[in-house]
Amino acid sequence: MPIDEDVTGEELDKDVKQELKSLPKTLAEDVARNLVMVARLLDEDPERAYAYAKVALRLASRVPSVREAAGFAAYAVEKYAEALAEFRAARRMTGLQHLWPVMADCERGLGRPEKALAMAGEPEVRQLDKAGQVEMRLVAAGARRDMGQADAAVVTLQSPELASTSVQPWTARLRYAYADALLEVGREDEAREWFAKALEADQSGVTDASDRLAELDGVEFIDALDGDEDDQDDVDEPAGGAAGGTGRSDEGQVCEG
């Protein structure tokens, strides 16, 4: 597959580059460039990222970082069984537990929320850093909701991290999840408060908290271009109107953060 001209492989994290030193130099360079393409495309074009990950995996399946990248690429295209297998392989190779939450979320994706919830109570969770523990809490709450236990999901998300006024990389997502869970159990006023708090912490736009707030406030956004077209219709239409109208239908699209 073609590699972007500006990609050298040096963009990788130093730990990943260290792992690739176990490969012959030319092979390591090829794998590195494919891994950079995976990272570059994962959010905007996950299908292509998955294709580059498969190339890297074919070239260097014994490198933990390659297995991890392949796992995230498969996860992004909802190939949860494949993702779980890759994450397990990477974990066996390194002995590290940082993939535990996303492995649990793969279990959710496979329709096994009970398994995900069980993983939230395993000793591996205590080995996670703070970000990993928050991620595990988010997965556990999602599993509760999958099982129809909405009130339990609210309780699961209540934690010192949620109550903290300190803004961390995971703060917006945690507050958003809590707001969404509150909304599901009918606590709309509290949900609005927490969507607002999520928006306050969301410096990089990872959630659609602003849209959710607008929805709760009954605000409807109208595309300015649609308004212009309507004005033009009024100008062009003969006096008395045309039978049947313009025949144009407006469509709205909501993007989830």
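# A walk through an all-helix model

Valine 55 touches Met1 and Asn34, leaving out residues up to four places away in sequence. The model you see is predicted. Stay with valine 55 for a moment. Its place is in helix 3, which covers residues 46-59. Is valine 55 buried or exposed? Its relative accessibility is 14%. Buried means under 20%, so valine 55 counts as buried. Now look at its partner at the start of the chain. Valine 55 and methionine 1 are 54 residues apart in sequence. In space, their C-alpha atoms are 8.1 Å apart.

Step back to the whole chain. Which elements make up the protein? There are 14 helices and zero strands. Read from the N terminus on, every element in the run is an α. The protein has 257 residues, and 38% of them count as buried. Next, take the contacts with a separation of 6 or more. Residues 24 or more positions apart account for 53% of them. The surface can be described too. The protein exposes about 15000 Å². Carbon and sulfur atoms supply 47% of that area.

Return to helix 3 and find proline 46. Its relative accessible area is 23%. The buried class ends at 20% and the exposed class begins over 50%, so proline 46 is partly exposed. Which residues does proline 46 contact, leaving aside neighbours within four places in sequence? They are Leu41, Ala76 and Val77. Valine 77 is 31 residues from proline 46 along the chain. Their C-alpha atoms are separated by 6.2 Å.

Just past valine 77 comes glutamate 78. Glutamate 78 sits in the loop between helix 4 (64-76) and helix 5 (80-94). Its phi is near 65°. That is a positive value in a residue other than glycine. Glutamate 78 has 57% relative accessibility, so it counts as exposed.

Now move along the chain to helix 11. We will follow its packing against several other helices.

Start with helix 8, residues 130-146. Helix 8 and helix 11 pack at an angle of about 20°, and their axes are 11 Å apart. Angles under 35 degrees count as roughly parallel, so helix 8 is roughly parallel to helix 11. The crossing of this pair is left-handed. Helix 8 brings Val134, Glu135, Leu138 and Arg145 to the contact. Helix 11 answers with Arg173, Leu174, Ala177, Asp180, Ala181 and Glu184. By class, the contact of helix 8 with helix 11 holds five nonpolar, no polar and five charged residues.

Helix 9 is the next partner. Helix 9 spans residues 150-157, and helix 11 spans residues 171-184. Their packing angle is about 150°, with axes 9 Å apart. Angles over 145 degrees count as roughly antiparallel, so helix 9 is roughly antiparallel to helix 11. Helix 9 passes helix 11 in a left-handed crossing. Which residues make the contact? From helix 9 come Ala150, Val154 and Leu157. From helix 11 come Leu174, Ala177, Tyr178, Ala181, Leu182 and Glu184. Eight residues of this contact are nonpolar, none is polar and one is charged.

Helix 12, residues 188-201, also packs against helix 11. The angle is about 165° and the axes lie 8 Å apart. That angle makes helix 11 roughly antiparallel to helix 12. Helix 11 passes helix 12 in a left-handed crossing. On the helix 11 side, the residues include Thr171, Arg175, Tyr176 and Leu183. On the helix 12 side, they include Glu188, Trp194, Phe195 and Lys197. The contact of helix 11 with helix 12 has eleven nonpolar, one polar and six charged residues.

One more helix joins this part of the structure. Where do the buried residues of helix 13 pack? They pack against helix 11 and helix 12. Helix 13 covers residues 209-216. Its buried residues are Ala209, Arg212, Leu213 and Ala214. After helix 13 comes glycine 218. The phi of glycine 218 is positive, near 75°.

Notes. Residues are numbered from 1 along each chain as its sequence is written. This is a predicted model: local features need pLDDT of at least 70, side-chain atom pairs count only at pLDDT 80 or more; totals for chains, interfaces and linings use all residues. Side-chain values use heavy atoms; hydrogens and water are left out. Helices (H or I, at least four residues) and strands (E, at least two) are DSSP runs, numbered from the N terminus. Buried means under 20% relative accessible area, exposed over 50%, partly exposed in between (1.4 Å probe, protein chains only). Contact means heavy atoms within 4.5 Å. Accessible areas come from the Shrake-Rupley method with a 1.4 Å probe; for residues, only the protein chains shown count as cover. Axes are lines fitted to C-alpha atoms, for helices over the stretch in contact, and angles run from 0 to 180 degrees between N-to-C directions. Angles under 35 degrees count as roughly parallel, over 145 as roughly antiparallel, 65 to 115 as roughly perpendicular and the rest as oblique. A crossing is left-handed if the near helix is turned anticlockwise from the far one by less than a right angle, and right-handed if clockwise. Ala, Val, Leu, Ile, Met, Phe, Trp, Tyr, Cys and Pro count as nonpolar, Asp, Glu, Lys and Arg as charged, and the others, Gly among them, as polar.
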